[in-house]
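Subject: A structure for you to look at

Hi there,

Here is the structure I promised to pass on to you. Have it open in your viewer while you read, and my notes will follow below.

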Amino acid sequence: MIELRRFQPVIGGKPLLTPLSVKIADGQFCVLTAASGAGKSRLLETLTQPNLPHLGAFTVSGACATVPQSLDFCPSLGALDTVCTSRLEAMSWRQSLFGFPESLQKEAEAQLDLFHFSPDREKPVGLLSGGERQRIALARLGLTSRTNWLLDEPVSQLDPESALACLSQLKRLAQERRAAVLCVLHHPQLAEALADHRLHWAGDWRTQ
Amino acid sequence: MASSRGNLFYRILRWIGFALIFGSILISLPALDGGTREVDFITQLLRLVDRFFPPDLSVLPEVGQAFFETFQIATLATLFAVLFSILLAALSIDEISPWPLRFTLRVVLSALRTVPSLIWAVILVAMVGPTPRAGVIALTLYSMGYLGRFFLETLDASDRKPAQWLRQHGASPFQVFQFSLWPNIKASLQSQSLWMWEYNIRSASIIGYVGAGGLGLQLHIYQEYGQWNRFATVLLFFFAVVLTLELLSAAIRRSAQIRRSK
């Protein structure tokens, strides 16, 4: 569950956006849209780093899994291994010392198939396109045990058809896992097709 | 106005730099002085070269044996150095260790590198006796300083966001190193380790002069007894081996580069 109570991120002493109050229950998909540079990314970032300046309050029940815009993957690690790293918090260093168990690798393969990742699974992430890396980021969510997902433009480098397909799959996954999803998107059409809650900022927050 | 003052400042700094370099060269020239002994260098050189040839090939078996000891010393020292320096470098970065440990380890790596390998050999021979073990430990310590610094700089220069992101997602420090930092240094590790091994073979040949085993001991004996034609045999043998190793390691690096680009 993610709850924001008159929440506003702050940069350099200046509040961004306007106060936002929303409650996202487990299994719900909430989409935020706004113009570029409005402060959406900073909003998501502050939810994972409470020491960042902000106004208002928020509650997140449990830890968050994030898909940032920058997709900070190790460029030399293979695609399959990158998906498997989603489970590291549930594994001791001994269990992952010689690589990931075969069962986990099979699960990761299945998630990559779900999000239509087609390149060689051993290919280093640094050699993949932006769209392919975004598919990996979504596949990681299929393996995480965390139930609060913060997604910052997770399909911005996919074509509209693929973007819709991936987000639809993601929404199904979130419902199965009872994960609360807060997703920032650029395209209102995608939000319209998928969101349980839609909030658009144009000077103030409006529910759509 | 501010920019022309800035340019003048940097011009003055550059001239001071040149003056310092030129001055350093000038005050170093007396080092060429051969002392009170007047020596005809060319004649001495020709006399020495004359004594080198023909090389005495009858000592090849014992030279080969001594080189094998050199090889053993260099290989073990490189292996231990690679393992320890990866550990020290990993423990010296922000995402893995607290700052007191990081600071201490960085100081240790600098200290190890500061002492030349020959001096390490002198110290270790005094501690453990004139044996190849002294050579292994001496070269391990020196190589740790060099490799540790190299790996640390590679880690420092690499993007740390993957490491921070993995840490945020619950990975332990060891797992952060294994899955976000280690893949980046793996490739250069191979190249630097090969270089270190070649360097250690050359160094292991010299540290025998101070009793730490290997080919250096042969060179020392032949020099002491004025057996320059045997000395020449050692040099030629060593030259042939080092050249072969350099060609081999260049081929290995080239093939690794081709594999990585595919």
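Let me begin with one of the enclosed spaces: β6 and α5 (130–141) of chain A each give at least two residues to the lining of the second largest cavity. Helices (H or I, at least four residues) and strands (E, at least two) are DSSP runs, numbered from the N terminus. A cavity is a set of points, on a 1 Å grid over the protein atoms alone, where a 1.4 Å probe fits but cannot get out, while a pocket is an open set with protein on both sides within 12 Å along at least five of seven lines; lining residues have an atom within 4 Å of a point.

Before going further, please note that this is a predicted model, in which local features need pLDDT of at least 70 and side-chain atom pairs count only at pLDDT 80 or more, while totals for chains, interfaces and linings use all residues. Residues are numbered from 1 along each chain as its sequence is written, chains are lettered from A and ligands numbered from 1 in the order in which they are written, and side-chain values use heavy atoms, with hydrogens and water left out.

**The cavities**

Rolling a probe the size of a water molecule over the atoms shows where empty space is left. How many cavities of 30 Å³ or more are there? The count comes to two. A volume here is the space filled by probe spheres set on the grid points, which are joined across faces, edges and corners.

The second largest cavity holds about 50 Å³ of space. Its lining includes A:A65, A:T66, A:R140, A:L141 and B:H169. By type, the lining has two nonpolar, four polar and three charged residues. For these classes, Ala, Val, Leu, Ile, Met, Phe, Trp, Tyr, Cys and Pro count as nonpolar, Asp, Glu, Lys and Arg as charged, and the others, Gly among them, as polar.

The largest cavity has a volume of about 60 Å³. Among the residues lining it are A:D72, A:F73, B:W165 and B:F179. Two elements of chain B, α7 and α8 (173–207), give two or more residues to this lining, and α7(B) has the largest share, with three residues. Here the split is seven nonpolar, three polar and one charged.

**A pocket**

The second largest pocket has a volume of about 390 Å³. Of its 17 lining residues, A:E45, A:Q49, A:P68, A:D72 and B:Q168 lie nearest its centre. At least two lining residues come from each of α1 (40–48), β6 (64–67) and β7 (148–152) of chain A and α7 (161–168) of chain B. The lining is made of five nonpolar, eight polar and four charged residues.

**The sheet in chain A**

Strands of a sheet pair through backbone hydrogen bonds, either parallel or antiparallel. In chain A, six strands form an open sheet in the order β6-β7-β8-β4-β9-β10, with mixed pairing (two strands pair if DSSP finds at least two bridges between them). The edge strands, β6 and β10 (205–207) of chain A, each pair on one side only.

Start from β6(A), which pairs with β7(A) in the parallel sense over four bridges. Within that pairing, A:C64 stands opposite A:N148, and A:V67 has A:L151 as its bridge partner. Moving on, β7(A) and β8(A) run parallel and are joined by five bridges; there A:N148 has A:A180 as its bridge partner. In contrast, β9 (residues 197–201) of chain A and β10(A) run antiparallel, joined by three bridges, with A:H200 opposite A:R206.

In a regular strand the side chains alternate between the two faces of the sheet. Which residues point each way from β7(A)? A:N148, A:L150 and A:D152 point one way, A:W149 and A:L151 the other, and all are buried (under 20% relative accessible area, with exposed over 50% and partly exposed in between; 1.4 Å probe, protein chains only). On β6(A), A:C64 and A:T66 are buried on one side and A:A65 and A:V67 on the other.

**Two single residues**

A:A25 sits in the loop between β3 (20–24) and β4 of chain A. Is A:A25 buried or partly exposed? A:A25 counts as partly exposed because its relative accessibility is 31%. Leaving aside neighbours within four places in sequence, A:A25 is in contact (heavy atoms within 4.5 Å) with A:M1 and A:A180.

B:Q218 belongs to helix α9 (residues 215–224) of chain B. With a relative accessible area of 13%, B:Q218 is buried.

Happy exploring!
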